[in-house]
Every structure is written in C-alpha cells, then in structure tokens.
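The exercises below ask you to work through pockets, a ligand site and cavities in a single model. Each task is followed by a solution that proceeds step by step.

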Amino acid sequence: MDQVNVGVIGFGTVGSGTVEILLKNRDIISDRVGSEIIVKKIADLDIVRDRGIALASDVLTTDPSEIIRDPSIDIVVELIGGLTAAKDFILKAMQAGKHVVTANKALLAECGEEIYSAAGKYGVSLAYEASVGGGIPVIRALREGLSANRIHTIMGILNGTSNYILTEMSKNALPYKKAVEEAIRFGYAEDPPTLDVNGTDAAHKLAILVSILFGVPVPFRSIYREGIECLTPDDIRFASEFGYCIKLLAIFRNLGDAIEARVHPAMVPLDHIMANVNGVYNAIYLEGDFVGPNLYYGYGAGKKPTGSSVVADLMHLSRQIRCGVSTLIPPLGYSRPGLMNIAVQPIEELQTSYYFRFSAKDTPGVLSKISGILGENGISIYSVIQKGRDMVGSVPVVMLTHEAKESSVIKALAHMKHLEVLTDKTITIRVEGSK
Ligand code: NDP
Ligand code: HSE
C-alpha cells in the first residue's frame, strides 16, 4: 500500500501540531515508512479559526462521523480530550475496523479496560505514545525496548504544567495564578487545568505506565493523589533552606505482594536526579531487573513535542498496514493476560520523612505542644526553623522529621486540630530521597 489515510478528530493544540509535522516532514516520513501518510479529513467543532496550516477545502468538517464512516480512512486520531465523546468516537472507529491513535490519558486511565478489549475484539491496534511524557517515547520504551525486564521502580515528573508552575514560583518568583495562566496560554494545561494542579493528570499517566508493567489496567482510583494547590512561595523557600526543592512526583515501587503508586508534591534534595528538571520538562527514571537504571527527559507538553509522539504512532501503524499486519503489539504489550489483580498499598502504610509547616501563635510553649504530640505518635524531629511574626501575629514553624509512618502523621495532625495555638491548616510534604 503506497498511501495510508488518516482522519484527525480534534484540531486544537495537539491536533494542529500533528498535522503540521505530517505536512512539514512529509518527505522523511514517507521515506522512512515507505508509504505516504495523508490527512484525509480533520473534524473539529470550530473549522473557521485559522490554525496557521494551509489545507484543501474538503479536508475540514464539523462532523467526526464523516471520518468514522469513510471506508478509505485507515487510522483515526482522537485528539479532543475528555471522556464521553472521545470514548464513543474511539469505540466506533474500532468497530469500523480502523486503527486508533490517541493522546487521551484521562480516557485510558479511567476507561482503559473497555478500550483495550475493544481493540482486541475488532482486531485493530491502539497507539498512545503521546498520552505520557509529551514528546518522550516512554510508552515505546516500556512496551518494546525494556520489555525483557521486570520494572521495580518508576519515579517521574509527569505533569509539565505543575512543573512549570513550581519552577516559575521558585526561580522567577511568579505568583501561582500567573504561572497557571501562562501554562494555559502555552497550550500545556488540561481543560480544566484543575486536573494538572491537583495531581490527577500525573496519576492518569502513572496508571498507564503501571498498567503496561503488569499487562492489566490498574484501578485508577486506588492511586493516591495530591496536588500543588496548597503550596506557597514560603514552602519553596523553607524547602531550599533545608537543602531541598519541591516537585510533583509520580512514584511506583514494586513491593512484592503489593505496589506503591502515588502522586504528590515531594521535597527532593537539591542534588537529586529530579531536582534539575524544570519548566515544562518531564523526566521519568525507572529501574529494571536486568537493564538497571534508565532515565528519560524531554518536553512533557506542547503542540510540537506531543505532535511528534502522535506522528511516531502513525508511522508505526502505517508500517504495520503496509506489511498487512493488523496488530503487532497488544495495547498493554502482553499477548496473554498479565496479572489479574494489582494491589495498591494504602498511603497510610507509607514510611518516609515529612516536612510540616505549622501556622502558630507566637506564644510561649507552642513548640513543646507540637513536639509533644509528634512524640506521642512516634514521630521524631530532625530539624526546626521558626521565623518572625507575620501581620496577624502567627508565625510559621517549620519542621523536618525522621522517617515515620503516614498513619502516625495522620493521627498526630488530627490531634493537633484541637490545639488552639495553631491558627491555620498544617502543610505536609513528604520527603523523597535522603541527603
Ligand atoms: P485542545 O482543547 O487544544 O484541542 C481539542 C480540540 O478538539 C478543540 O479544538 C475542540 O474544540 C475540539 N473538540 C472538542 N470536542 C469535539 C468534538 N466532539 N468533535 C470535534 N472536535 C471537538 O486540546 P489539546 O490539543 O491540548 O489536547 C488534546 C488531547 O491531547 C487531550 O486528551 C489532552 O489530554 C492530550 N494531551 C495534550 C497535551 C498538550 O500539551 N496540550 C500533551 C499530551 C496530551 P473546542 O475548542 O471548540 O472545544
Ligand atoms: N497537561 C499536561 C501537562 C499535558 O501539563 O503535562 C501533557 O500531558
């Protein structure tokens, strides 16, 4: 076959990046694949807006079913985001015998099972490189390059928007709100951006990575997640006084009888491998039983890096089509079902060090009240910083602890709610990596 026809649903940030790459790099793409990849149709709600790409007049449509019904279209690319309509288009495309490419991590993390089994049922391929890490080919690495290994650790900065926000807050003193607005303007953020800053987007991506490790969709709701919304420039400053920076980390560890899968802000030492991953960059560190450590780094969002991953998927599927192969690699990379059940360890079982920022009245005995409750719960203090008064007479009391169990921390903080010397919610950040 000399030509592979593609229909793109969603002509926004990633859709326009994808089409731009297919047109601008058409020569090397066709030389590498051995077939031309032709964008036959593009569907979007708005086909009037100028996307800066010259297209023939019959390419744009407002009706995605024109793509799904078109028998000449081999691959459907879903780039609208969200759950309901996206799932409907993908399932209908598969039913019509078309291969599917998507960047929709929310959909794969929350409804993956239905989509993976539809791909199997209809004998088509599903490719989703752009769903994790923007332009970083980590899905291909896990499904192919590292497939001989059992992966026992993943640590990732998987959300470009929150990493951009934390970097701007710490390096350029940008207020939180302004940094969020910029991430939206650059096309990094989800719609709504709440999913980026509350840890959901990174948890979606972690769910996809972990599902590939075991060949079975991990129950998304069992992944603990916490976002960066409560962090203030003060926390970033105090962390740096202790020799740490704050990153939104996605962490997986295979504990043998269960796994750790969690997303939350974490303090990492300034010389930690994740500490210098800044701006919209993502990084994924993983360890396999035979390969040892591997590190991936690159732009985690944006039209061009993400479009690059979508086009790589299109090239891979086009090669398959050219060779008359319907499916080479099943969606999760397992030809026989993997583990049937993944048990995620409850966060209460976690054992780590903690940062606490208490807002306290500047009165005698406060420190001893706080440290008394921590001591009663078996939490031992490693270091304390106390700063001068703020406008309303409360002071930040900042502590780093030795390793403690999360369930003890939960108990201690619940007890402290009754301390009338504390004037506001206590900020807690887990520490990852020792100094
Ligand atoms: P955008 O909002 O920029 O683009 C989505 C486009 O799809 C919009 O033009 C939208 O129109 C259109 N659309 C929405 N619903 C329909 C529909 N029912 N029929 C036809 N068109 C529709 O999103 P992105 O390009 O940023 O994201 C697309 C996907 O890629 C998402 O799943 C996202 O999570 C994922 N992704 C995004 C990255 C990024 O950097 N932006 C990186 C990695 C993955 P309208 O604007 O009028 O609603
Ligand atoms: N909103 C996502 C991010 C896009 O900021 O990382 C890339 O998946």
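**Exercise 1.** Establish which elements supply at least two residues each to the lining of the second largest pocket, and work out where this pocket lies with respect to the domains.

*Solution.* Begin with the elements: in this predicted model, helix 14 (406–416) and strand 17 (427–431) each contribute at least two residues to the lining of the second largest pocket. Helix 14 gives the largest share of that lining, namely six residues. Next, consider the space and its centre: the second largest pocket holds about 560 Å³, and of the 23 residues that line it, the closest to its centre are L413, K425, T426, I427 and T428. Then sort the lining by class, which yields 13 nonpolar, three polar and seven charged residues. Finally, turn to the domains: because domain 2 (140–299) and domain 3 (348–431) both give residues to the lining, the second largest pocket lies between them.

**Exercise 2.** Describe the surroundings of ligand 2, starting from the residues that come nearest and ending with the classes of residue in its shell.

*Solution.* First list the neighbours: there are 13 residues around ligand 2, of which K105, G160, T161, Y188 and D196 come nearest. Second, look for polar atoms facing oxygen atoms of the ligand, where a polar side-chain atom of T161 lies 2.6 Å from one such oxygen, a polar backbone atom of G160 is 2.7 Å from an oxygen atom, and a polar side-chain atom of N159 lies 3.5 Å from an oxygen atom. Third, assess the cover: on its own, ligand 2 has 250 Å² of accessible area, and the protein covers 94% of this. Fourth, assign the shell to elements, noting that helix 7 (160–171) and helix 10 (200–214) are the ones that give two or more residues. The shell around ligand 2 divides by class into four nonpolar, four polar and five charged residues.

**Exercise 3.** Determine which residues line the second largest cavity, and deduce which domains it lies between.

*Solution.* Start with the search of the whole structure, which finds three cavities of 30 Å³ or more; the second largest cavity contains about 40 Å³ of space. Its lining consists of L108, A109, Y116, A207, I208, S211, P217 and V218, and by class these are seven nonpolar, one polar and no charged residues. Helix 5 (105–122) and helix 10 each supply at least two residues of this lining. The last step concerns the domains: since domain 1 (3–135 + 303–322) and domain 2 (140–299) both give residues to the lining, the second largest cavity lies between them.

Technical notes
Residues numbered from 1 in each chain as written. Chains lettered and ligands numbered in written order. Predicted model: local features only at pLDDT ≥ 70, side-chain atom pairs only at ≥ 80, totals over all residues. Heavy atoms only, no water. Polar contact = N/O pair within 3.5 Å; in protein donor to acceptor, adjacent residues only side chain to side chain. Areas by Shrake-Rupley, 256 points an atom, 1.4 Å probe, with all protein chains shown as cover. Helix = DSSP H or I, 4+ residues; strand = E, 2+ residues; numbered from the N terminus. Nonpolar A, V, L, I, M, F, W, Y, C, P; charged D, E, K, R; others polar. 1 Å grid on protein atoms, 1.4 Å probe; cavity = no way out; pocket = protein on both sides within 12 Å on 5 of 7 lines; lining within 4 Å. Points joined across faces, edges and corners; volume = space filled by probe spheres on them. Domains from an automatic or database assignment.
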